[in-house]
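Reader: Could you take a close look with me at the ligand and the residues around it? I'd also like to hear about the space in the largest pocket.

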Amino acid sequence: MKLSRDEMLLEMGLGPLWKLRRPPLSPEAVPADVRPGAASASVEEGGPTAAPAAIEQAPCAPAPLVEANEAESWDALRREVAGCRACGLCEQRQQAVLGVGDVHADWLFIGEGPGAEEDRRGEPFVGPAGKLLDAMLAAIDLKRGEDVYIANAVKCRPPNNRTPTAAEIATCRPYLERQVALLQPRLVFVLGKPAVQATLGLDAPLGSLRGRTHFWEVAGRRIPVVISYHPAYLLRTPLDKARAWEDLCRARALMREAKGA
Ligand code: URA
């Protein structure tokens with residue numbers, strides 16, 4: 001009888017085995033300034049300085065180790081974002097705002113950047129736009145923190161709540177990509193133009209991008225993206241809430257499909 005390599009190792013008592021859930025980001029895909037242990041030669045070797053890769057256990061592997069590795073990657077990301085000085089937005093922030101929610105969420109919502117209240121409290125979407133976002137989530141039976149993670153295109157508040165520049169968005173993008181690589185969401189719901197730039201790199205009018213499914217490639221995964229309006233825009237333009245509702249319904253249908261429900 002021919003045994004597989006895994007079966008053979010188990011037979012020999014050499015489990016537990018660890019497997020990558022998906023290939024790690026290639027070192028080139030991770031800008032040098034956010035690589036853990038940047039400038040270290042072992043980046044190329046895919047050693048401890050390689051970009052964070054979510055790991056999955058083989059059936060016999062102990063769960064706590066997986067969680068520890070994942071938790072370490074989140075901690076490293078949190079520390080780097082908190083101390084980031086890669087663009088001018090760090091000058092006036094009270095704190096960087098990484099994101100909030102369930103780190104195993106199927107849903108990832110991405111907004112623009114922290115406002116005054118978010119900058120003060122360290123959590124995305126806690127002001128008036130956040131209240132509307134919570135209502136939008138509730139409309140499709142979702143709840144902040146439960147199968148939902150919320151992040152922003154930029155992690156630091158742009159002064160006077162101005163729109164982040166393309167350069168600021170590009171500088172912050174590797175953090176967002178690392179979040180996505182760790183979260184592995186089934187679907188990304190993009191709120192407004194800066195988030196479209198941060199995810200898909202597109203600079204077209206929002207209206208021309210809505211109504212179809214886009215795909216974002218991160219860490220070797222192709223994630224469906226639904227584009228919609230930013231809640232702050234919807235507060236100013238309530239007539240477009242009907243369109244946002246269509247987008248939410250489309251996203252819900254895609255998610256059901258993805259889950260085979
Ligand atoms: N608007 C955003 O895009 N993000 C926030 O966190 C708050 C308001």
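Author: Happy to; we start at the ligand, widen out to the pocket, and end with the enclosed space. This is a predicted model, in which local features need pLDDT of at least 70 and side-chain atom pairs count only at pLDDT 80 or more, while totals for chains, interfaces and linings use all residues. Residues are numbered from 1 along each chain as its sequence is written, and side-chain values use heavy atoms, with hydrogens and water left out.

Around the ligand (a heavy atom within 4 Å) you will find Gly-111, Glu-112, Gly-113 and Pro-114, then Glu-118, Pro-124 and Phe-125, and finally Asn-152 and His-230. Look next at three of these residues through their backbones. A polar backbone atom of Glu-112 sits 2.6 Å from an oxygen atom of the ligand. At Gly-113, the partner is a nitrogen atom of the ligand, 3.0 Å from a polar backbone atom of that residue. Phe-125 also takes part, with a polar backbone atom 2.8 Å from a ligand oxygen.

Now step back to the largest pocket (an open set of points on a 1 Å grid over the protein atoms alone, with protein on both sides within 12 Å along at least five of seven lines), which holds about 550 Å³ of space. Its lining counts 27 residues, and those closest to the centre are Glu-112, Gly-113, Ala-129, His-230 and Ala-232. You have met Glu-112, Gly-113 and His-230 already, since they are among the residues around the ligand. Two or more lining residues come from each of α3 (116-121), α4 (128-139), α6 (193-200) and α8 (231-236). Glu-118, one of the ligand's neighbours, has a number that falls in the α3 range. Sorted by class, the pocket lining has 11 nonpolar, 10 polar and six charged residues.

For the enclosed space, a search of the whole structure finds three cavities of 30 Å³ or more; in a cavity, a 1.4 Å probe fits but cannot get out. About 120 Å³ of space lies in the largest one. It is lined by 15 residues, with Cys-84, Cys-87, Cys-156, Cys-172 and Tyr-175 nearest its centre. Helix α5 (residues 166-183) gives the largest share of that lining, four residues. By class, the cavity lining has 10 nonpolar residues, one polar and four charged.

Notes. On a 1 Å grid over the protein atoms alone, a cavity is a set of points where a 1.4 Å probe fits but cannot get out, and a pocket is an open set with protein on both sides within 12 Å along at least five of seven lines; lining residues have an atom within 4 Å of a point. Grid points are joined across faces, edges and corners, and a volume is the space filled by probe spheres set on the points. Ala, Val, Leu, Ile, Met, Phe, Trp, Tyr, Cys and Pro count as nonpolar, Asp, Glu, Lys and Arg as charged, and the others, Gly among them, as polar. A polar contact is a pair of N or O atoms within 3.5 Å; within protein, one must be able to donate a hydrogen and the other to accept it, and residues adjacent in sequence count only if both atoms are side-chain atoms.
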